[in-house]
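This briefing goes through selected helices and loops of one structure, grouped by topic. Please read the points below alongside the coordinates and the sequence.

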Amino acid sequence: MKYPTYKFFDDKLIPAQVELNNKTTPVWMQQRWQDGKYAVYVRQNGCGHCCASIICNLLGVEMTPYKHIEHCVKLWGEPSISPSGNQQYYFLSITGLSESLNSLGIPCKFYGHKNQGVDKAVNHIYESLKQGKQVIFISSPSDDFPNNPFSKGDHYVLAVGLTEGGKILIANSSTNGIYDIGEGIQEVDLETIKRSLNPIAEPIYRTWGELEDLHLGIGYIVIE
């Protein structure tokens, strides 16, 4: 098994770098992205694009969160502002994220965990990591888990792999995460992931989705 490693930089936009199988990738902090027409997309709802970019780079496809948004726009057209008027832009759904990765030559499959149950989903995630695969999952807030370390709201994070110490290495693009090691990097146990998963909903077949509909697309993606 190849264990992922990481190192840190002074750059606030890219504080950390992950390495796996002799490939390296930045861990972008989405809220600090400033440049380009779609910068607000990265800042407000860019966690899925950050996860996709990290995966692409680790598998030899050069990518940034901004370039990934441009790719999604080519696939589905421009995302628009939420009709609620809160100026929050459409996020990338779990099915859309999976579709975008497959279109870039990154084979993957998405899963929901309403019907299979959280325990089965967590076991699947762990077994996938043991096989050297990566997993993108949506972490959600919960009254039962007020100290969720990933983010204060619904948020994509990437489980890069298992560390030598048996923890799960997480690349997290949110400045709202709780970081004991260093910004952008977390080492967590399986119970933390289990408590962060929301068992309410199945993924739906859509690409861009409204922010308030995020709970209609809860699930995870296994990179094959």
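In this predicted model, helix 5 has V118, A121, V122, I125, S128 and L129 as its buried residues. Viewed down the axis of helix 5, these buried residues fall within an arc of 125°, so they line one face of the helix. The points below take up the surroundings of that helix, then a second helix with its two crossings, and finally some loop residues.

**Helix 5 and its surroundings**

- The buried residues of helix 5 pack against several elements that come later in the chain numbering, namely strand 6 (135–139), strand 7 (155–162), strand 8 (168–171), helix 6 (190–196) and strand 11 (220–223).
- Helix 5 covers residues 118–130, and because 13 residues at 1.5 Å a residue should span 18 Å, the 18 Å found between its end C-alpha atoms agrees with that expectation.
- Just after helix 5 comes G132, a residue that takes a positive phi of about 85°.

**Helix 3: length, burial and partners**

- The 12 residues of helix 3 should span 16 Å at 1.5 Å a residue, and the end C-alpha atoms of this helix are indeed 16 Å apart, so the two values agree.
- Within helix 3, the residues that count as buried are P65, Y66, H68, I69, H71, C72 and V73.
- These buried residues of helix 3 pack against helix 1 (39–45), helix 2, strand 4 (91–92), helix 4 and strand 10 (208–209).
- G77, placed just after helix 3, has a positive phi of about 95°.

**Crossing of helix 3 with helix 4**

- The axes of helix 3 (residues 65–76) and helix 4 (residues 94–103) come within 11 Å of each other and cross at roughly 95°, and because angles of 65 to 115 degrees count as roughly perpendicular, helix 3 is described as roughly perpendicular to helix 4.
- On the side of helix 3 the contact is made by H68, H71, C72, L75 and W76, while helix 4 contributes G96, L97, E99, S100 and S103.
- Sorted by class, the contact of helix 3 with helix 4 holds four nonpolar, five polar and one charged residues.

**Crossing of helix 2 with helix 3**

- The axes of helix 2 (residues 47–58) and helix 3 come within 8 Å and cross at roughly 105°, which makes helix 2 roughly perpendicular to helix 3.
- In this contact, H49, C50, A52 and S53 of helix 2 meet P65, H68, I69 and C72 of helix 3.
- By class, the contact of helix 2 with helix 3 has five nonpolar, three polar and no charged residues.

**Loop residues**

- N21, which is found in the loop between strand 2 (16–20) and strand 3 (23–27), has a positive phi of about 55° although it is not a glycine, and its relative accessible area of 43% makes N21 partly exposed.
- N22 is found in the loop between strand 2 and strand 3 and has a positive phi of about 65°, again without being a glycine; at 71% relative accessibility, N22 counts as exposed.
- P107 is found in the loop between helix 4 and strand 5 (108–111) and counts as partly exposed at 44% relative accessibility.
- Leaving aside residues up to four places away in sequence, P107 touches N102, V222, I223 and E224, whereas the C-alpha atoms of P107 and I136, which are 29 residues apart along the chain, are separated by 13 Å.

Key. Residues are numbered from 1 along each chain as its sequence is written. This is a predicted model: local features need pLDDT of at least 70, side-chain atom pairs count only at pLDDT 80 or more; totals for chains, interfaces and linings use all residues. Side-chain values use heavy atoms; hydrogens and water are left out. Helices (H or I, at least four residues) and strands (E, at least two) are DSSP runs, numbered from the N terminus. The expected span of a helix is 1.5 Å times one less than its number of residues. Buried means under 20% relative accessible area, exposed over 50%, partly exposed in between (1.4 Å probe, protein chains only). The arc is that of the directions from the helix axis to the C-beta atoms. Contact means heavy atoms within 4.5 Å. Axes are lines fitted to C-alpha atoms, for helices over the stretch in contact, and angles run from 0 to 180 degrees between N-to-C directions. Angles under 35 degrees count as roughly parallel, over 145 as roughly antiparallel, 65 to 115 as roughly perpendicular and the rest as oblique. Ala, Val, Leu, Ile, Met, Phe, Trp, Tyr, Cys and Pro count as nonpolar, Asp, Glu, Lys and Arg as charged, and the others, Gly among them, as polar.
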